[in-house]
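Q: I'd like a close look at a single part of this model, with enough of the surroundings to place it. Keep it informal, but give me the cut-offs.

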Amino acid sequence: MNNVFYNINPEILKSGEKAMQIIKPYLDIIDDITEHNQLKMLKAFQKAKVSENCFAASTGYGYGDKGREVLDKVFAEVFDTEDALVRHNFASGTHTLTVALFGVLRPGDTMISVTGLPYDTLQGVIGIGEEKSSGSLKEFGIKYEQLDLLENGEVDFEGMKKAIRPDTKMVYVQRSRGYSLRPTLKADDIKKISEIAHNIAPNCIVMLDNCYGEFVEKTAPGSFVDLMAGSLIKNPGGGIAPTGGYIAGRKELVEMCSYRLTTPGTGKEIGCTLGNSRELFMGAFNAPHVTGEALKTAIFTSALFELMGYEVTPTYNEVRGDIIQAILLGNEERLVRFCRGVQAASPIDSFVTPEPWDMPGYDSKVIMAAGAFTLGSSIELSADAPIREPYAVWMQGSLNFHTGRLAAMLSASNIFDEN
Ligand SMILES: *Cc1c(COP(=O)(O)O)cnc(C)c1O
């Protein structure tokens, strides 16, 4: 990289070159994973016989919408599941996970989270810490138990053997670290959880919050979990899907979820696509590649900031289970400078200056950087940092490595110039 278009501190340019050399073998590993998943995706398109008439816009009830049915087949194929429910009607990742939970759980059932406290937005859905009536699972008589992660952030596999009982209905797993510093689960960890759970409770549903984990590894966890869900404005939408989510898993469970999304009886048979199918297909097709670009961006950023002396997690040479990179910058000033660098490298709203603000639901100020084509998209490059100990910034995404790398360099430059 040079300074033809952007002004990067010469010291950072040098560190950037060094980082590129160090990470070369790890970028090659990403290319290998990306190629595997990209060819798997192409094969899935061909097997499902995607054709131009799949892009036709249906209206009203959407009976017999071919694109909708074929897209479900494509997702089931790449995720190694029996069936899938891929819809633009899912308003967010949380909505998608909520439909899955309400779809398969019944009053009196117990769900156990074995990866500690679930992602913030899911807590209200489950009814954790609930004070007023909100229609949570708890209000519908679904019991929640939690097995915390071990001190080192690993799953408590031994503890699982005590916590899970033969009548446990659901074992809930969150793959991504979310906004914590714990390690992300890899496919192998999820497989082990599933084996332990099914050993004790053969009929239990192992349900995976797969957000940010799609196409990061060659192994899709679909062959060993019962149900999983994620957002289309993260990895599997490829930066092209304008909204939506997916649920994938065992056929009978996906069907139950479809009854919750629409109505008992109509399930997957209705729901018009309004012309969204083309973008959902195109996004899915690009998703393995775009996920690879996001991973390369994360690896480069990790290496660059490690060279600058900051603690990073994961490190550039760690095996990754999601696209998130955390950097411990140590003070507010650097968090602000980092986020401003990311913003300045965005295609949209590059001219705005992120400021820390009191975001509802947070106990400290938060600063965010995002300049995306799709509002809230986090497969596009974005960064968030709560202004509190340990003064870490979490960043994820980038539709391409070139501009993702620029963002890391501008952020690093901003921080370097402070001194
Ligand atoms: C993003 C995310 C969600 C929720 O998705 P939203 O689209 O923000 O509602 C749930 N779990 C994890 C781990 C996530 O990363």
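Which elements each supply at least two residues of the lining of the second largest cavity?

A: Helix 2, strand 1 and helix 8 each supply at least two residues of that lining; helices (H or I, at least four residues) and strands (E, at least two) are DSSP runs, numbered from the N terminus. Bear in mind that this is a predicted model, where local features need pLDDT of at least 70, side-chain atom pairs count only at pLDDT 80 or more, and totals for chains, interfaces and linings use all residues. Residues are numbered from 1 along each chain as its sequence is written, and side-chain values use heavy atoms, with hydrogens and water left out.

Now the cavity itself. A search of the whole structure turns up two cavities of 30 Å³ or more, and the second largest holds about 70 Å³ of space. Here a cavity is a set of points, on a 1 Å grid over the protein atoms alone, where a 1.4 Å probe fits but cannot get out; a pocket is an open set with protein on both sides within 12 Å along at least five of seven lines, and lining residues have an atom within 4 Å of a point. Grid points are joined across faces, edges and corners, and a volume is the space filled by probe spheres set on the points.

The walls of the second largest cavity include Arg68 and Leu71, with Val86, Arg87, His88 and Asn89 also in the lining. Gly271, Cys272, Thr273, Asn276, Ser277 and Leu280 line it too. By class, that lining has four nonpolar, six polar and two charged residues; Ala, Val, Leu, Ile, Met, Phe, Trp, Tyr, Cys and Pro count as nonpolar, Asp, Glu, Lys and Arg as charged, and the others, Gly among them, as polar.

A couple of those names lead outward. Leu280, one of the lining residues, also belongs to a core of 46 residues that includes Ile164, Ala187 and Ala284. A nonpolar core is a set of buried Ala, Val, Leu, Ile, Met, Phe, Trp, Tyr and Cys residues joined through side-chain atoms within 4.5 Å, where buried means under 20% relative accessible area, exposed over 50%, and partly exposed in between (1.4 Å probe, protein chains only).

Thr273 is in the lining as well, and Leu274 has a phi near 55°, a positive value in a residue other than glycine. Most residues other than glycine have a negative phi. Leu274 sits in the loop between helix 7 and helix 8. Because its relative accessible area is 54%, Leu274 counts as exposed.

Helix 2 and strand 1 turn up again in the second largest pocket, where helix 2 (66-78), strand 1 (83-87) and helix 7 (251-261) each supply at least two lining residues. Helix 2 gives the most to that lining, with five residues. The pocket has about 280 Å³ of space, and of its 18 lining residues, Asp72, Asp83, Lys251, Lys268 and Glu269 are the closest to its centre. Its lining is made up of three nonpolar, four polar and 11 charged residues.

For reference, the largest cavity has a volume of about 80 Å³. Of the 15 residues that line it, Glu214, Phe215, Glu217, Thr219 and Ala220 are the closest to its centre. Six nonpolar, four polar and five charged residues make up that lining.

Helix 8 (277-307) also reaches into the largest nonpolar core, as one of the elements that give it two or more residues. That core has 51 residues, of which Phe305, Ile327, Leu329, Phe338 and Val393 touch the most other members. Val393, not counting residues up to four places away in sequence, touches ten residues' worth of neighbours such as Gln325, Ala326, Ile327 and Phe338, with contact meaning heavy atoms within 4.5 Å.

Helix 9 (332-344) is another contributor to that core, and its buried residues include Leu335, Phe338 and Cys339. Those buried residues of helix 9 pack against helix 8, strand 9, strand 10, strand 11, strand 12 and helix 10.
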